[in-house]
Amino acid sequence: MAYFFASPIDVDIKLEGEEQRKQVEIKGEKDKTISCPVYYDGDSVTGQVRNSNFAGYSVFVIDRHHFLTIPKVTLRVRDGKKTAHEGIKVEFVGSIELFYDRGHHHEFLSLSQELAAPGEMRQAQTFDFNFKNVEKQFESYQGINVKLRYFIRVSISRRMADTVKEKDIWVHSFRMPPDSNNSIKMEVGIEDCLHIEFEYNKSKYHLKDVIVGKIYFLLVRIKIKHMELSIIRRETTGSPPNQYNESETITKFEIMDGAPVRGETIPIRVFLGGFDLTPTFRDVNKKFTTRYYLNLVLIDEENRRYFKQQEITIFRIPEVRHRCY
């Protein structure tokens, strides 16, 4: 039965210049890893639709070097038989998928171009498309309960069943460094037992930044065994009463082993570049929010835990690129 309804047309999507773009590995269906080219806000998304039998190539220039590329989007007619269709179109789509609401995709971006009127496909054909200077309002994100994705979708309308093929791209958005970036200073403790003061050099960090801080022990009357610092990502999806909160620990490490004494200072230095972080997202299309927290935990000899969380903001800045000539 599956063979009977199988499409007589194969579709392969290639985008212009994707081999020269930065690639991001993401999880696809059935835990398969797929590689996506990275695009930025305002980048044009260009390609072609053709039969696989077409053996043409295109040449384009990047940084004064020539690169030979394979066709962009390919249509394959199986067994060389003619196939009737009711039209071919290509779409550029941005959507948010909430895992608790499977089957309902919220499309915030939808651009469409008609490639062919109804007719018959007998041999290799080529269709150019160009979504020029597309505004990509949000950054791509794949979390615990939500996925924000951009993709190219080629649809061939047929009487029995449509043929549809999708190809994901990954979008990064840059933000200017904040004008004000105050340090964080707080005093916490337990009355007559523990009094500490912690300080972080900034409250907003870019993805490759370094967190520098200090912890001061002003009063210590409990026996502390060790101290940990972790970075927590908290994802909020939906809205009340159907709101879901999920937290995951990005990294955790021990910053002190042994009992501190009054007046002792513990330095903190955390390099963010080695962790799987995203920017902070706030109320994206009224569907989800992603925040980051520094979580300081003290454990005493009776394994009681004392902790304090502090929210930080993470943003993306342009990467420094080194060119070789």
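The exercises below deal with aromatic rings and backbone angles in a predicted model.

**Exercise 1.** Classify the ring pair formed by Phe108 and Tyr150, and place both residues in the chain.

Solution. A search of the whole structure finds ten aromatic pairs. For Phe108 and Tyr150, the ring centres are 5.6 Å apart and the planes stand at 85 degrees. Rings pair if their centres lie within 6.5 Å, and planes over 60 degrees apart count as edge-to-face. The pair of Phe108 and Tyr150 is therefore edge-to-face. Next, the location: Phe108 belongs to strand β10 (residues 105-116) and Tyr150 to strand β14 (residues 146-156). The two residues are 42 residues apart, and their pair links distant parts of the chain. Both Phe108 and Tyr150 are buried.

**Exercise 2.** Do the same for Tyr141 and Phe288: is the pair stacked or edge-to-face, and are the residues buried or exposed?

Solution. The centres of the Tyr141 and Phe288 rings lie 5.3 Å apart, with the planes at 15 degrees. Planes under 30 degrees apart count as stacked, so the pair of Tyr141 and Phe288 is stacked. Tyr141 is in strand β13 (residues 141-142), whereas Phe288 is in strand β24 (residues 288-300). This pair also links distant parts of the chain, with the two positions 147 residues apart in numbering. For burial, the cut-off is under 20% relative accessible area. Tyr141 has 2% and is therefore buried; Phe288, at 2%, is buried as well.

**Exercise 3.** Which residues do ring pairs link into a cluster with Phe108 and Tyr150?

Solution. Besides Phe108 and Tyr150, the cluster holds Phe92, Phe129, Phe131 and Phe138.

**Exercise 4.** Over which rings do the charged ends of Arg149 and Arg234 sit?

Solution. Take Arg149 to begin with: its charged end sits over the ring of Phe151, 4.0 Å from the ring centre. For Arg234, the ring is that of Tyr293, and the charged end sits 4.4 Å from its centre.

**Exercise 5.** Describe the backbone angle phi, the place and the exposure of Asp283 and Lys286.

Solution. Most residues other than glycine have a negative phi. Asp283 has a positive phi, near 50 degrees, and lies in strand β23 (residues 281-284). Its relative accessible area is 47%, so Asp283 is partly exposed. Lys286 also has a positive phi, near 60 degrees, and lies in the loop between β23 and β24. Exposed means over 50% relative accessible area; Lys286, at 68%, therefore counts as exposed.

Conventions: Residues are numbered from 1 along each chain as its sequence is written. This is a predicted model: local features need pLDDT of at least 70, side-chain atom pairs count only at pLDDT 80 or more; totals for chains, interfaces and linings use all residues. Side-chain values use heavy atoms; hydrogens and water are left out. Rings of Phe, Tyr and Trp (its six-membered ring) pair if their centres lie within 6.5 Å; planes under 30 degrees apart count as stacked, over 60 as edge-to-face and the rest as tilted. Helices (H or I, at least four residues) and strands (E, at least two) are DSSP runs, numbered from the N terminus. Buried means under 20% relative accessible area, exposed over 50%, partly exposed in between (1.4 Å probe, protein chains only). A charge sits over a ring if NZ of Lys or CZ of Arg is within 6 Å of the ring centre and within 35 degrees of the ring normal.
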